[in-house]
Amino acid sequence: MWQDILRQVMQFIEPSWQFVKDSICLVKRCTKPDRKEFQKISMATAIGFAIMEFAGFLVNLFHFPINYIIFGGSIPF
């Protein structure tokens, strides 16, 4: 009886323990990016932000005049 309970507990704990071991291995393997890699990632992020902001600007640029034409003088902000 105790062996069955212990076996069930181990079946429950084993995946969690494997996840912990894999996580520790991943953290040990990770390295801090060097300056060149960090600049590359930062530039890609900045370009992505700029593209998204420009797309939002274009949407607003066309949305407000069309909204003004459809609804008359009341532009809801």
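**Exercise 1. State what share of the residues in the protein is buried, and describe its overall extent.**

*Solution.* Buried residues account for 1% of the 77 residues in the protein; buried means under 20% relative accessible area, exposed over 50%, and partly exposed in between, with a 1.4 Å probe and protein chains only. The model is predicted: local features need pLDDT of at least 70, side-chain atom pairs count only at pLDDT 80 or more, and totals for chains, interfaces and linings use all residues. Residues are numbered from 1 along each chain as its sequence is written, and side-chain values use heavy atoms, without hydrogens and water.

Next, consider the extent. The C-alpha trace spans about 80 × 45 × 15 Å along its principal axes. The radius of gyration of the protein is 28 Å, whereas a compact globule of 77 residues would have one near 11 Å; the radius is taken over C-alpha atoms, and the globule rule is 2.2 Å times the number of residues to the power 0.38.

**Exercise 2. Compare the span of each helix with the expected value.**

*Solution.* The protein contains two helices and zero strands. These are DSSP runs numbered from the N terminus, with helices (H or I) of at least four residues and strands (E) of at least two. The expected span is 1.5 Å times one less than the number of residues.

- Helix 1 (residues 2-29) has 28 residues, and its reach of 40 Å from first to last C-alpha is close to the expected 40 Å.
- Helix 2 (residues 35-71) has 37 residues and should span 54 Å; its end C-alpha atoms are 53 Å apart, which agrees.

**Exercise 3. Describe Ser-42.**

*Solution.* First, Ser-42 is located in helix 2. Second, its relative accessible area is 31%, so Ser-42 is partly exposed. Third, Ser-42 and Phe-64 are 22 residues apart in sequence and 33 Å apart in space, C-alpha to C-alpha.
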